[in-house]
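Visitor: I should like to learn how to read the packing of helices and strands in a model. Could we proceed feature by feature?

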Amino acid sequence: MTDNTAETTGSPPTDVLATSPEGKAVVVTGGGTGIGRAVAHRFAEEGARVLVVGRTPGTLRETAREHPRIRTLATDITAPDGPDTVVETALEHFGRLDVLVNNAALGIGGTLDTLDPAGLDAQLATNLRAPMLLTRRALTALEKSSGTIVNLSTAGSLGRRAWPGMSVYGATKTALDFLTRTWAVELAPRGIRVVAVAPGVIDTGMATRNGASAEQYAAFLDDIRPRIPSGRVGSPEEIAWWVARLTDPLAGYANGTVLAVDGALSVQ
Ligand SMILES: NC(=O)c1ccc[n+]([C@@H]2O[C@H](COP(=O)([O-])OP(=O)(O)OC[C@H]3O[C@@H](n4cnc5c(N)ncnc54)[C@H](OP(=O)(O)O)[C@@H]3O)[C@@H](O)[C@H]2O)c1
């Protein structure tokens, strides 16, 4: 039997370890609230320079408050010029791009018989089309830095699960997982990694930003909490930590990975 171990293992290539002395340059879409805000803060606290993108200037400003390493960009990532605006602004500020976090998403509930074409289009545009076109636009810059793309998926649509009432949202996230795997293979020869974090239930109030009342959201949390093996919902900071870790040089062998961070909700 031939031992080819020496040819197939080794240290990370040195270019993967090269970062700018001014720290990584990171773009976080949907960085004005919830998980995106926590991701921006985590990267900034670890010395990165961050551009947070969203449609609401006020929430973006709040994310950047007391964080001089965070810049803001109020733009709609689904707009025709969205991808150009995001990447060009990042390059103007930082001169490079090391990490793209595709975090912005809409999650509109409803069963098939209540499907609203406008809500369907908005979810497809925000959760799928925009990350596709933004990631494509960022490739040249990411190739220069041997960068990383981190997609925010969801544990709710992992594996062979069904998700009554969230079929469109779940379908966009399942598709995003497929893109994560496929782009990882396509982009590996260019030195770009593609990974995803699939959070479980994280208390960000996302549902209330997508049409649920405060009472409905509280009832949802009360209902699901006892069904989470870890016995609690997660915090945005617990997701942000994993997003940042997956961009560490020593995470360099994780590629095409969709990492569930969900208190074992999806494996019970
Ligand atoms: N919270 C959870 O339990 C949970 C669980 C699993 C997965 N996730 C995923 O984690 C990510 C973050 O979720 P979250 O809970 O933090 O939700 P969130 O607070 O509602 O964050 C979504 C962000 O996306 C931005 N956004 C929406 N449409 C946009 C557009 N067209 N252009 C630019 N920005 C846009 C929103 O800001 P504007 O409205 O100001 O644009 C908002 O800041 C999402 O991908 C979500 O699917 C969340």
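Guide: Certainly; please bear in mind that this model is predicted.

Visitor: At what angle do helix H5 and helix H6 pack, and how far apart are their axes?

Guide: One reads the angle together with the axial separation. Helix H5 (residues 82–94) packs against helix H6 (residues 117–145) at about 30°, and the axes lie 8 Å apart. Because angles under 35 degrees count as roughly parallel, H5 is roughly parallel to H6. The crossing of H5 past H6 is right-handed.

Visitor: Which residues make this contact?

Guide: On the H5 side they are Pro-83, Asp-84, Val-86, Val-87, Glu-88 and Leu-91, and on the H6 side Leu-133, Leu-134, Arg-137, Ala-138 and Ala-141. By class, eight of the contact residues are nonpolar, three are charged and none is polar.

Visitor: How does the pair of helix H3 and helix H9 pack?

Guide: The reading follows the steps used above. H3 (residues 34–45) and H9 (residues 236–245) have axes 8 Å apart and meet at an angle of about 55°. That angle makes H3 oblique to H9. H3 passes H9 in a right-handed crossing. From H3, the residues involved are Gly-34, Ile-35, Ala-38, Val-39, Arg-42 and Phe-43; they meet Pro-236, Glu-237, Ile-239, Ala-240, Trp-241, Val-243, Ala-244 and Arg-245 of H9. This contact comprises 10 nonpolar residues, one polar and three charged.

Visitor: Let us turn to the sheet. In what order do its strands stand?

Guide: For a sheet, one follows the pairing from strand to strand. Here seven strands form an open sheet in the order E3-E2-E1-E4-E5-E6-E7, with parallel pairing. Strand E3 (70–74) and strand E7 (258–261) are at the edges and have a single partner strand each, so one side of each lacks a neighbour in the sheet. On average, neighbouring strands are turned by 20° against each other, direction ignored.

Visitor: How many bridges join strand E1 to E4, and how many join E4 to strand E5?

Guide: Three bridges join E1 (residues 25–29) to E4, and the two run parallel. Within that pairing, Val-27 has Leu-100 of E4 as its bridge partner. On the other pairing, four bridges join E4 to E5 (residues 148–152), again in parallel, and Asn-102 stands opposite Asn-151 in E5. Towards the E7 edge, strand E6 (residues 193–199) and E7 pair in the parallel sense over four bridges, with Val-197 opposite Leu-259.

Visitor: Which way do the residues of strand E4 point, and are they buried or exposed?

Guide: In E4 (residues 99–102), Val-99 and Val-101 point one way, Leu-100 and Asn-102 point the other way, and all are buried.

Visitor: Which strands does H5 touch?

Guide: H5 packs on the sheet and touches E1, strand E2 (49–54) and E3; the direction of H5 makes about 155° with that of E2.

Visitor: Ala-90 lies in helix H5. Is Ala-90 buried or exposed?

Guide: One compares the relative accessibility with the cut-off. Buried means under 20%, so Ala-90, at 1% relative accessibility, counts as buried.

Visitor: What is Ala-90 in contact with, beyond its neighbours within four places in sequence?

Guide: Those contacts are with Val-27, Leu-51, Gly-95 and Arg-96. By way of a distance along the fold, the C-alpha atoms of Ala-90 and Ala-171 are separated by 30 Å, the two residues being 81 residues apart along the chain.

Notes: Residues numbered from 1 in each chain as written. Predicted model: local features only at pLDDT ≥ 70, side-chain atom pairs only at ≥ 80, totals over all residues. Heavy atoms only, no water. Axes fitted to C-alpha atoms, helices over the stretch in contact; angles between N-to-C directions. Parallel < 35°, antiparallel > 145°, perpendicular 65-115°, else oblique. Left-handed = near helix turned anticlockwise from the far one by under 90°. Contact = heavy atoms within 4.5 Å. Nonpolar A, V, L, I, M, F, W, Y, C, P; charged D, E, K, R; others polar. Buried < 20%, exposed > 50% of the residue type's maximum accessible area, 1.4 Å probe, protein only. Pairing = 2+ DSSP bridges.
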